Amino acid sequence: MWELLKKDIYTYWKAIIFMLVIVAVFVKCFGAACISRVFIGVPCPACGMTRAAFLFLSGHWLESFQMQPFFYALLVGVVLFVCYRYIIRKEKYKKIFYSYSMVMLVASIGFYLYRMVRFFPDVPPMTYSKKNILYYIIHKWL
């Protein structure tokens, strides 16, 4: 188990560091880690995921679910992936993980569209942020 985990970390460490640096720069410069919010100011389908994680970790499980219900789907997916990849070590985890990911992707996009119609732009996390690159270009350069 540990050897496979070490191998995976060694294989992907550059990508992990790159993503952490990008997130840190976005948060520092724009106050958000979301590419959609940084560039155009609108929430993405995963918007609220970080806040849901912090709420979950602090014991506010209902608030976490209300903020982003697909955090729980992500949590289940991560647990399944870890179990199949590192504990059971079966190759069939790829098919299961791919199928689960596709179902969750379609469901989260459907839920995102519902939230955009129902709650945008007044209810967090479905709010518009003027602190974005497109807003800056339109209002400062044009």
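**Close-up views of a predicted model**

**View A. Gln-68 is a buried residue, with a relative accessible area of 1%.** In this predicted model, Gln-68 is found in the loop between α4 (61-67) and α5. Leaving aside residues up to four places away in sequence, Gln-68 touches Pro-45, Ala-46, Cys-47, Gly-48 and Met-49, and its contacts also include Ala-52 and Arg-115. Because the limit for a buried residue is under 20% relative accessible area, the 1% computed for Gln-68 places this loop residue in the buried class.

**View B. The largest nonpolar core of the model has six residues.** Its members are Met-49, Ala-52, Met-67, Phe-70, Phe-71 and Ala-73. Two helices, α3 (49-57) and α5 (70-88), each supply at least two residues of this core, and α5 gives the most, with three residues. Two of the core residues, Met-49 and Ala-52, are also among the residues that Gln-68 touches, which connects this view with the preceding one. In general terms, nonpolar side chains tend to be buried together in soluble globular proteins.

**View C. Helices α5 and α6 (residues 93-119) have axes that come within 10 Å and cross at roughly 175°.** Because of this angle, α5 is roughly antiparallel to α6. On the α5 side the contact is made by Phe-70, Ala-73, Val-76, Gly-77, Phe-81, Tyr-84 and Arg-85, while α6 contributes Tyr-93, Ile-96, Phe-97, Tyr-100, Met-104, Ala-107, Ser-108 and Phe-111. Sorted by class, the contact of α5 with α6 comprises twelve nonpolar, two polar and one charged residues. Ala-73, a member of the largest nonpolar core, touches Tyr-100 and Met-104 when residues up to four places away in sequence are not counted.

**View D. Phe-56 and Phe-71 form one of the 13 aromatic pairs that a search of the whole structure finds.** The ring centres of Phe-56 and Phe-71 lie 5.3 Å apart and the ring planes stand at 55°, so the pair is tilted. Phe-56 lies in helix α3 and Phe-71 in helix α5, so the pair ties together parts that are 15 residues apart in sequence. The two partners are described by different burial classes: Phe-56 is partly exposed, with a relative accessible area of 21%, whereas Phe-71 is buried, with a relative accessible area of 8%.

**View E. Phe-65 and Tyr-72 form a tilted aromatic pair.** The separation of this pair is 5.9 Å centre to centre, with 50° between the planes. Phe-65 counts as partly exposed at 43% relative accessibility, and Tyr-72 counts as partly exposed at 23%. Ring pairs link Phe-65 and Tyr-72 with Phe-56, Trp-61 and Phe-71 into a cluster, so that the pair of this view and the pair of the preceding view belong to that cluster.

**View F. The chain that holds these details has a secondary structure of seven helices and two strands.** Read along the sequence, the elements follow the pattern α-α-α-α-α-α-β-β-α. The C-alpha trace spans about 55 × 35 × 30 Å along its principal axes. Buried residues make up 25% of the 142 residues in the chain, and residues 24 or more positions apart account for 49% of the contacts with a separation of 6 or more.

Note on methods:
Residues are numbered from 1 along each chain as its sequence is written. This is a predicted model: local features need pLDDT of at least 70, side-chain atom pairs count only at pLDDT 80 or more; totals for chains, interfaces and linings use all residues. Side-chain values use heavy atoms; hydrogens and water are left out. A nonpolar core is a set of buried Ala, Val, Leu, Ile, Met, Phe, Trp, Tyr and Cys residues joined through side-chain atoms within 4.5 Å. Buried means under 20% relative accessible area, exposed over 50%, partly exposed in between (1.4 Å probe, protein chains only). Helices (H or I, at least four residues) and strands (E, at least two) are DSSP runs, numbered from the N terminus. Contact means heavy atoms within 4.5 Å. Axes are lines fitted to C-alpha atoms, for helices over the stretch in contact, and angles run from 0 to 180 degrees between N-to-C directions. Angles under 35 degrees count as roughly parallel, over 145 as roughly antiparallel, 65 to 115 as roughly perpendicular and the rest as oblique. Ala, Val, Leu, Ile, Met, Phe, Trp, Tyr, Cys and Pro count as nonpolar, Asp, Glu, Lys and Arg as charged, and the others, Gly among them, as polar. Rings of Phe, Tyr and Trp (its six-membered ring) pair if their centres lie within 6.5 Å; planes under 30 degrees apart count as stacked, over 60 as edge-to-face and the rest as tilted.
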